[in-house]
Amino acid sequence: MFLGKVIGEVWATRKVRDLEGKRLLVVERLKMDPSEAEVTPVIAADPLGADVDEYVVVAFGKAARVAFGGDGDFAFEAAIVGIVDGGQVPSKDWFETYKREKEG
Amino acid sequence: MYLATVIGQVWATRKEPTLSGLRLLVVQPFKRNHPDEASTMVAVDTIGADVGERVLVVMGRSARHAIGKGHDIGFQCAIVGVVDGAEIDGKRIGQTAADDGAQ
């Protein structure tokens, strides 16, 4: 599970049945240290309706599948399970910036 | 699940028996700022993707489920969709690199 920021959305027509009707968002894991190497963004299914630029909690594996109702097998392994309203991260200013942006 | 580009195909005659009949493609995951730095992966193609196309790749149990031969299969990476388009950082990503920026 990680904290990330929604940076985009993906559309696909040719896909496995399990992905039909699922909104797919591009999420980049939040870096606590800006000098960390770039990570590959994750494509997460979104049952909650998150928007671009929002911070979200992304679950992987069984937790992601449970977020879509039941522990069945689905052909995806990442899902947005929370849209962040607030939080506190030691010695980092990213959340303050986020709050300022949200509050205008 | 990751966004990736199909960059090639691999063939193997001597392989784990559960892999027989599977089409194996080489994919490179998408990176925002350093597109050429991502290391490549080999993924089973469940959907009929072509070289150059952007695809959705899953790992682990989800991949084995998508491959659909039961869960006891010696592979853990699968292509589950061909991307029509994406918008990342407000920029349009096409089905192939040649389509980038097109509306």
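Start with chain B and colour it by burial: buried residues make up 35% of its 103 residues, where a residue is buried if 20 or more other C-beta atoms lie within 10 Å of its own, exposed if 12 or fewer, and partly exposed in between, with the C-beta atoms placed from the backbone. What you are colouring is a predicted model, in which local features need pLDDT of at least 70 and side-chain atom pairs count only at pLDDT 80 or more, while totals for chains, interfaces and linings use all residues. Residues are numbered from 1 along each chain as its sequence is written, and chains are lettered from A and ligands numbered from 1 in the order in which they are written.

**Chain B as a whole**

Keep chain B selected and switch to a cartoon, which should show one helix and six strands; helices (H or I, at least four residues) and strands (E, at least two) are DSSP runs, numbered from the N terminus. Followed from the N terminus on, the elements of chain B run β-β-β-β-α-β-β. The radius of gyration of chain B, taken over C-alpha atoms, is 14 Å, close to the 13 Å of the globule rule for 103 residues, so chain B is as compact as a globular protein of that length; the rule itself is 2.2 Å times the number of residues to the power 0.38. If you reduce the display to the C-alpha trace, chain B spans about 45 × 25 × 20 Å along its principal axes.

For the contact map, count two residues as in contact if their C-beta atoms, placed from the backbone, lie within 7 Å. Of the contacts in chain B with a separation of 6 or more, 51% are between residues 24 or more positions apart. Colouring by confidence comes next: pLDDT is the predictor's confidence in each residue, from 0 to 100, and chain B has a mean pLDDT of 88, with 97% of its residues at 70 or more.

Before leaving chain B, select D89(B), which lies in the loop between strand 5 and strand 6 (91-93) of that chain. D89(B) has a positive phi of about 55 degrees although it is not a glycine. Most residues other than glycine have a negative phi. As for its surroundings, D89(B) has 13 other C-beta atoms within 10 Å and is therefore partly exposed.

**Chain A and its strands**

Now turn to chain A, which has two helices and five strands, in the order β-β-β-β-α-β-α from the N terminus on. Buried residues make up 34% of the 104 residues in chain A, and residues 24 or more positions apart account for 53% of its contacts with a separation of 6 or more.

Select strand 1 and strand 4 of chain A together: they run antiparallel and are joined by four bridges, two strands being paired if DSSP finds at least two bridges between them. Within this pair, look for G4(A), whose bridge partner in strand 4 is V56(A). Strand 4 of chain A also pairs in the antiparallel sense with strand 5 (residues 78-83) of chain A, over five bridges, and here F60(A) stands opposite A78(A).

**The loop between strand 3 and strand 4 of chain A**

Which residues does P47(A) touch, not counting those up to four places away in sequence? P47(A), placed in the loop between strand 3 and strand 4, touches A67(A), F68(A) and A79(A). P47(A) is partly exposed, because 15 other C-beta atoms lie within 10 Å. The place of D53(A) is also in the loop between strand 3 and strand 4 (55-60) of chain A. D53(A) has a positive phi of about 85 degrees although it is not a glycine, and with 12 C-beta neighbours inside 10 Å it counts as exposed.

**Where the chains meet**

Finally, show both chains and select the residues in contact between them, 25 of chain A with 29 of chain B. On the chain A side, strand 1 (2-15) and strand 3 (42-45) each supply at least two residues, and strand 1 gives the most, with nine. By class, this side of chain A has 15 nonpolar, four polar and six charged residues; Ala, Val, Leu, Ile, Met, Phe, Trp, Tyr, Cys and Pro count as nonpolar, Asp, Glu, Lys and Arg as charged, and the others, Gly among them, as polar.

Zoom in on strand 1 of chain A and strand 5 (residues 77-88) of chain B, which pair in the antiparallel sense over seven bridges. Select R14(A) here, and V82(B) in strand 5 of chain B is found opposite. For the complex, the predictor gives an ipTM of 0.81 and a pTM of 0.84.
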